Amino acid sequence: MVRAQQVVVAYGATTVVDHVDVTVAGGEVWALLGPNGAGKTTLIECLEGFRKPDQGQVEVLGRDPWRAPPGWRALIGALLQDCRIDADLSAAEYVQMHRTYYRNPRAVDDLLTLVGLAHVADRKVHRLSGGERRRLDLAIALIGQPALFFLDEPTTGFDPQARREVWRVIRDLTATGTTVVLTSHMLDEVEALADRVAILVGGRVRREGTVAHLRATANLPSVVSFAASTDTLPSLPSVVSTSRNAATGRWQLHTRSPHDTVRELETLASGHDLAVVDVTVRSPTFEDVYLDLLDDGDKEASRA
Ligand SMILES: Nc1ncnc2c1ncn2[C@@H]1O[C@H](COP(=O)(O)OP(=O)(O)OP(=O)(O)O)[C@@H](O)[C@H]1O
């Protein structure tokens, strides 16, 4: 669906996309992550045909997006970051107005139901809440039944329940073969939706793979934490490092095998008649993994 090779974009003397390769297969959710200013929007604009790369080849649905015919654009849906809706129309009228731009538009009712806005179909657009407007953006982006869907921060401003509803809409789309290119700073969203992730730092892809692959590569420790009636602890074989929270007095054991650590802790407690209570185990989140990879990326960039 998407193939980009050695894409370079520079603004004046500053290269913001630096020899990037992208491959996205049909029906896949491919997520692009990276800190502010990493070059994500610039790269996505090249894939959408809104920007011509200075170097490299881009092919989307078999065409160069920059020179693609109008029929090509009808196969692409895009939910941009800053859609501003300003109209004295109802939600249904607003969708209907946009339907006239498409050859095979989805029905208004279907679209409003799909994004959970059927109950406000007759409400004026300017009276919709922020989250409802964003859902209306999503409805508009889905009118043409796109084969490839660009989603930029799709759930910004949504409440937790609404976010999950949008995730469901996205999963339903991919189940019917739609391919999704997602950019988001919300790592739980990326973890919930993405089949593959690329991490862009300083215009270069520093890491790529499934969330599980990125987790395994990072190999971050879990934390076993507990309260205990002691000021000293002997070292346990599975523990990488030990710390104690001065305010709460809780112990924290950093470990790559939390099961072993809990077992060793039980043995220690029973052997020394030690009261160990309120034991919790926290695995690294995808956010921990991402931040760790960014640290590594920074080190690699400074070495380069
Ligand atoms: N028209 C322009 N002229 C000069 N510099 C630009 C222009 N557009 C973007 N930039 C710079 O290029 C870099 C990459 O911008 P881009 O918008 O692609 O980043 P991003 O990863 O999408 O960031 P964010 O997460 O903040 O949206 C930034 O440093 C930005 O300031």
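This is a short tour of the structure, stop by stop, with something to select at each one. Keep in mind as you click around that the model is predicted.

**Stop 1: the ligand**

Start with the ligand and bring up the residues around it: Y11, V16, G34, N36, G37, A38, G39, K40, T41 and T42. Colour them by class and you get 3 nonpolar, 6 polar and 1 charged residues in this shell. Which helix gives the most to the shell? Select residues 40-48, helix α1, which gives the most, with 3 residues.

**Stop 2: the three-stranded sheet**

Next, show β2, β1 and β4, in that order: they make an open sheet of 3 strands with antiparallel pairing. The edges are β2 (14-24) and β4 (55-60), and each of these pairs on one side only. Going from one strand to the next, the twist averages 25 degrees.

Now zoom in on the pairing of β1, residues 2-11, with β4: the two are antiparallel and share 5 bridges. For a handy landmark, pick A4 and look across to V58 in β4, its bridge partner. Two of the ligand's neighbours also turn up here by number: Y11 is in the shell around the ligand and β1 covers residues 2-11, while V16 is in that shell too and β2 covers 14-24.

**Stop 3: strand β8 and its two partners**

Select residues 196-201. This is β8, a mostly covered strand, with 5 of its 6 residues buried. What does it pair with? Strand β3, residues 29-33, pairs with β8 in the parallel sense over 4 bridges. To see how the two line up, label W30, which stands opposite R196 in β8.

The other partner to show is β9, residues 204-209, which runs antiparallel to β8 and is joined to it by 5 bridges. Here A198 is the residue to pick, with E208 in β9 as its bridge partner. Follow the chain from β8 into β9 and you trace a hairpin with 2 residues between the strands. In that turn, stop on G202, which has a positive phi of about 55 degrees.

**Stop 4: the four-stranded sheet**

Move on towards the higher residue numbers and show another open sheet, this one of 4 strands in the order β11-β12-β10-β13, with antiparallel pairing. At its edges sit β11 (239-244) and β13 (276-282), each pairing on one side only. Ignoring direction, neighbouring strands here are turned by 20 degrees against each other on average.

Walk across the sheet one pair at a time:

- β11 and β12: β12 covers residues 251-255 and is joined to β11 by 5 bridges, running antiparallel. Label S241 and you will find H254 of β12 opposite.
- β12 and β10: β10 covers residues 222-228 and runs antiparallel to β12, again with 5 bridges. The pair to label is F226 opposite W251 in β12.
- β10 and β13: these two run antiparallel and are joined by 5 bridges. Look for S225 opposite T280 in β13.

If you turn side chains on while you are here, a general pattern to look for is that in a regular strand they alternate between the two faces of the sheet.

**Stop 5: two residues with positive phi**

Stay in this part of the chain and check two backbone angles. N219 has a phi near 50 degrees, a positive value in a residue other than glycine. Where is it? N219 lies in the loop between α8 (211-218) and β10. With 10 other C-beta atoms within 10 Å, N219 is exposed.

Now jump to D278, whose phi is positive at about 55 degrees although D278 is not a glycine. This one sits in strand β13. Is D278 buried or exposed? D278 counts as exposed because just 9 other C-beta atoms lie within 10 Å, and the cut-off for that is 12 or fewer.

**Stop 6: a helix pair**

Finish with helix α3, residues 91-99, and helix α5, residues 130-141. They pack at an angle of about 30 degrees, and their axes are 10 Å apart. That angle makes α3 roughly parallel to α5, since angles under 35 degrees count that way. As a last detail, α3 passes α5 in a right-handed crossing.

Methods:
Residues numbered from 1 in each chain as written. Predicted model: local features only at pLDDT ≥ 70, side-chain atom pairs only at ≥ 80, totals over all residues. Near = placed C-beta within 6 Å. Nonpolar A, V, L, I, M, F, W, Y, C, P; charged D, E, K, R; others polar. Pairing = 2+ DSSP bridges. Axes fitted to C-alpha atoms, helices over the stretch in contact; angles between N-to-C directions. Buried ≥ 20, exposed ≤ 12 C-beta atoms within 10 Å, placed from the backbone. Parallel < 35°, antiparallel > 145°, perpendicular 65-115°, else oblique. Left-handed = near helix turned anticlockwise from the far one by under 90°.
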